[in-house]
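Trainee: Could you walk me through this structure, feature by feature? I would like to learn how to read each one.

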Amino acid sequence: MSTHRLKALAAALLLTLAAAPSGRAADTPGLGKPISEADIKGWNITILPDGTNLPAGSGSPAQGAAIFAQKCAGCHGEAGKGGSARMLVGGGSLVAGGIEAEKTIANFWADPTTLFDYIRRAMPWPQPRSLSNEEVYSLCAYIFSLNKFIGENDTMDAQTLPKVKLPNKGNFIIKFPGQI
Amino acid sequence: MSAKKKRSTVPDVEVVAGNGLLHRRALLRSGIVFAGAMTTGAAGALTAAAAEPLTDDPWSKGPGAITPVLQQRSHFEDKVVRTLSNPTGKPATQHARAPLHLLEGTVTPNPLHFTILHTGIPDIDPDQHRLVIHGMVRQPLEFTLDTLMRYPMVTRMHFVECGGNSAPLFSKEPLQATVQALHGLSSCAEWTGVPLSILLDEAGVDPKAKWLVAEGADAAAIDRSTPLKKGMDDAMIALYQNGERLMPGNGYPMRLLLPGWEGNMNTKFVRRIQLTDQPAMSYYEERNYSPLLPDGKAYRFYFINEVKSFITQPSFGYALKGPGYYHISGIAYSGTGRVEKVLVSADGGKSWGEAALQGPVNPKAYTRFRMPWRWDGQPVILQSRAWDEAGNAQPLRADFIALRGQSKTVPNVLGFPNNHYNSLTSWGIDSKGEIKHVYA
């Protein structure tokens with residue numbers, strides 16, 4: 001590259017740096033519109049395994065049972081078994097079932113927060129994100145209670161839910177640790 | 001690559017492996033191959049059948065149809081379609097498998113690209129769609145399609161493959177089904193979009209961030225966690241598929257493309273990317289895409305679609321029309337990089353010959369391989385085996401099953417007994433030319 005072109009490039013680079021809005025990387029177009037986390041709240045439904053982003057509210061197994069009968073049992077069966085959709089209660093031995101064993105909350109899942117996140121995000125199938133946070137906590141309490149992971153009178157909230165112990169935790173092998 | 005000696009005059013082609021596999025150089029000198037095939041007798045008789053005298057056909061005797069604004073395929077190709085797992089739209093996932101055994105080359109035409117929709121295809125107004133990047137960043141940002149159009153773009157060939165593709169091969173008995181049914185949850189396209197790293201840089205990544213959680217604007221707001229390392233490497237927000245805007249079923253108006261990684265992670269209709277210090281353990285990573293192992297443990301974060309290949313022609317659904325010359329053609333790809341080589345066997349793996357790779361060989365993209373073959377009419381078993389540039393070999397079935405197991409029952413061909421199958425596919429051809437799916 002000629003000295004002339006190098007000088008031109010350096011000048012262009014300085015101009016870019018000068019033109020970049022403060023707080024932005026200089027080498028990107030800078031056209032993204034700043035938005036506050038408060039304005040993203042309506043979309044930000046991800047619950048992390050440590051409980052981050054669990055909302056206020058609570059629910060009991062008994063409250064969950066009533067909601068389940070009304071909004072879930074049609075597909076998942078009465079008391080979470082025997083429906084057209086996945087079973088939510090119980091599950092066979094993964095060793096006996098082999099590689100095609102049905103993976104259930106009881107025999108396979110590791111993180112209780114996934115249940116809250118997925119119910120609120122995607123259920124019930126025809127009306128996702130129609131349940132209130134109280135309803136979602138109640139359904140989690142009901143399902144965990146049916147699986148005997150919590151007592152019949154234990155309530156689920158932002159503090160208690162992440163602490164529920166699922167038995168299969170620890171039975172996972174990270175396939176590509178080098179990629180993380 | 002070895003024997004490169006010139007053969008300028010002798011009308012013969014070197015046999016490189018058992019049951020008539022020919023040196024790939026024959027593909028460059030087809031005249032010689034056919035001359036060789038003539039000597040086999042039966043094939044000679046077939047190819048030597050006298051042609052009829054020529055006259056004009058009806059379509060040559062007058063003007064054809066009016067030119068449409070959007071081209072349609074010839075109606076003679078009506079059978080080249082995707083197969084649907086859930087054509088009536090029951091409240092369940094809908095899979096559409098690509099007819100890979102009816103296609104050639106390396107590009108899957110957009111209408112035939114495989115799709116999996118868990119809650120139907122959303123009808124997204126591109127002018128209303130927004131993408132936000134937030135979480136562990138200096139400044140959360142919102143992008144519209146119009147804004148993204150002003151960003152630097154890249155164009156790359158990449159395959160996308162469902163982690164559950166090829167799952168029928170976990171069956172303890174070979175299921176009699178086409179490549180479309182066995183491997184059709186995979187496709188390859190030319191994707192154009194904005195490198196995700198540019199957008200992440202603009203938002204300013206917190207050094208403590210390790211993951212990104214990408215979420216779609218579909219009804220189930222499907223979300224997956226991806227290591228930030230991949231996001232800063234070759235990930236893109238794809239806007240175009242084979243030169244035109246994305247197909248609705250492939251994520252219109254924008255999707256996350258993670259070249260070589262499990263299809264479900266390539267979030268369609270992407271509307272939100274949150275940077276975090278931990279994976280979200282979304283339903284799909286918690287359950288579906290954590291494949292069970294025979295001892296009851298399971299793999300977690302099986303990101304990469306590992307090196308794989310299969311023969312598309314001849315394959316189940318075709319029949320060979322007598323002994324003679326045939327052209328074996330197939331697809332190889334690896335989520336790690338480029339395909340380095342493909343070997344083909346016609347004797348169930350006893351001997352192998354190196355196939356010709358159609359260039360350019362792109363990383364994390366379909367590579368078409370071809371192998372000339374002279375069938376003598378005896379039963380054969382055709383197989384292909386690929387290696388990628390990182391040295392990964394497609395595992396032999398015995399080794400693969402020893403590690404990953406197989407089903408105890410014979411599953412439905414549409415079922416998913418497990419996922420991430422990348423071992424061999426074998427086609428057994430009997431003396432009548434009938435083709436069966438076999439294990440070898």
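Trainee: Let me begin with two helices: at what angle do the axes of H3 and H7 of chain A cross, and within what distance do they come?

Mentor: Happy to help, and please keep in mind that this is a predicted model. For a helix pair, look at the approach of the axes and then at the crossing angle. Here helix H3 (residues 61-71) of chain A and helix H7 (residues 133-146) of chain A have axes that come within 7 Å and cross at roughly 100 degrees. That makes H3(A) roughly perpendicular to H7(A), because angles of 65 to 115 degrees are counted that way.

Trainee: Which residues make the contact between H3(A) and H7(A)?

Mentor: On H3(A), they are A:Pro61, A:Gln63, A:Gly64, A:Ala65, A:Ile67 and A:Phe68. H7(A) brings A:Glu135, A:Ser138, A:Leu139, A:Ala141, A:Tyr142 and A:Ser145. Sorted by class, this contact has 7 nonpolar, 4 polar and 1 charged residues.

Trainee: Now the two chains. How many residues does each give to the contact?

Mentor: With an interface, take the counts for each side, then the elements, then the classes. Chain A contributes 48 residues and chain B contributes 59 residues. On the side of chain A that touches chain B, the elements that give two or more residues are strand S1 (33-34), helix H2 (37-40), helix H5 (94-97), helix H6 (112-122) and strand S4 (172-174). H6(A) has the largest share of that side, with 6 residues. By class, the side of chain A that touches chain B has 27 nonpolar, 11 polar and 10 charged residues.

Trainee: Which strand of chain B does S1(A) pair with, and in what sense do they run?

Mentor: S1(A) is joined by 2 bridges to strand S7 (residues 141-144) of chain B, and they run antiparallel. To place that on your screen, find A:Lys33, whose bridge partner in S7(B) is B:Glu142.

Trainee: Let us move into chain B. How many residues of strand S10 are buried?

Mentor: For burial, go along the strand residue by residue, and then compare its two faces. In strand S10 (residues 211-216) of chain B, 6 of the 6 residues are buried, so the strand is largely enclosed by the rest of the structure. B:Trp211, B:Val213 and B:Glu215 point one way, B:Leu212, B:Ala214 and B:Gly216 point the other way, and all are buried.

Trainee: Which bridge partners does B:Val213 of S10(B) have in S11(B) and in S15(B)?

Mentor: In S11(B), the partner of B:Val213 is B:Ser225, while in S15(B) the partner is B:Gln274. S10(B) pairs antiparallel with strand S11 (residues 223-227) over 5 bridges and with strand S15 (residues 270-276), also antiparallel, over 6 bridges. The hairpin of S10(B) and S11(B) has 6 residues between the strands, and B:Ala221 in its turn has a positive phi of about 45 degrees.

Trainee: What about strand S12 of chain B: how many of its residues are buried?

Mentor: Strand S12 (residues 236-241) of chain B is mostly covered, with 5 of its 6 residues buried. Its antiparallel pairings include 5 bridges with strand S9 (residues 186-195), where B:Thr192 stands opposite B:Tyr240. Strand S14 (residues 255-257) is joined to S12(B) by 3 bridges, antiparallel, with B:Met236 opposite B:Leu257. Strand S13 (residues 244-245) is joined to S12(B) by 2 bridges, again antiparallel, and B:Arg245 in S13(B) is the bridge partner of B:Tyr240. In the hairpin of S12(B) and S13(B), there are 2 residues between the strands, and B:Asn242 takes a positive phi near 50 degrees.

Trainee: In the sheet S20-S19-S23-S24-S25 of chain B, which strands stand at the edges?

Mentor: To read a sheet, write down the strand order and look at its ends. These 5 strands form an open sheet with antiparallel pairing. Strand S20 (353-354) and strand S25 (435-438) stand at the edges with a single partner strand each, so one side of each has no neighbour in the sheet. S25(B) pairs with strand S24 (residues 426-429) in the antiparallel sense over 4 bridges, and B:Trp427 has B:His437 as its bridge partner in S25(B).

Trainee: Finally, how far apart do the C-alpha centres of the two domains of chain B lie?

Mentor: The centres lie 28 Å apart, with domain 1 covering 130-288 and domain 2 covering 308-438. Their contact takes 26 residues from domain 1 and 29 residues from domain 2.

Note on methods:
Residues numbered from 1 in each chain as written. Chains lettered and ligands numbered in written order. Predicted model: local features only at pLDDT ≥ 70, side-chain atom pairs only at ≥ 80, totals over all residues. Axes fitted to C-alpha atoms, helices over the stretch in contact; angles between N-to-C directions. Parallel < 35°, antiparallel > 145°, perpendicular 65-115°, else oblique. Contact = placed C-beta atoms within 7 Å. Nonpolar A, V, L, I, M, F, W, Y, C, P; charged D, E, K, R; others polar. Pairing = 2+ DSSP bridges. Buried ≥ 20, exposed ≤ 12 C-beta atoms within 10 Å, placed from the backbone. Domains from an automatic or database assignment.
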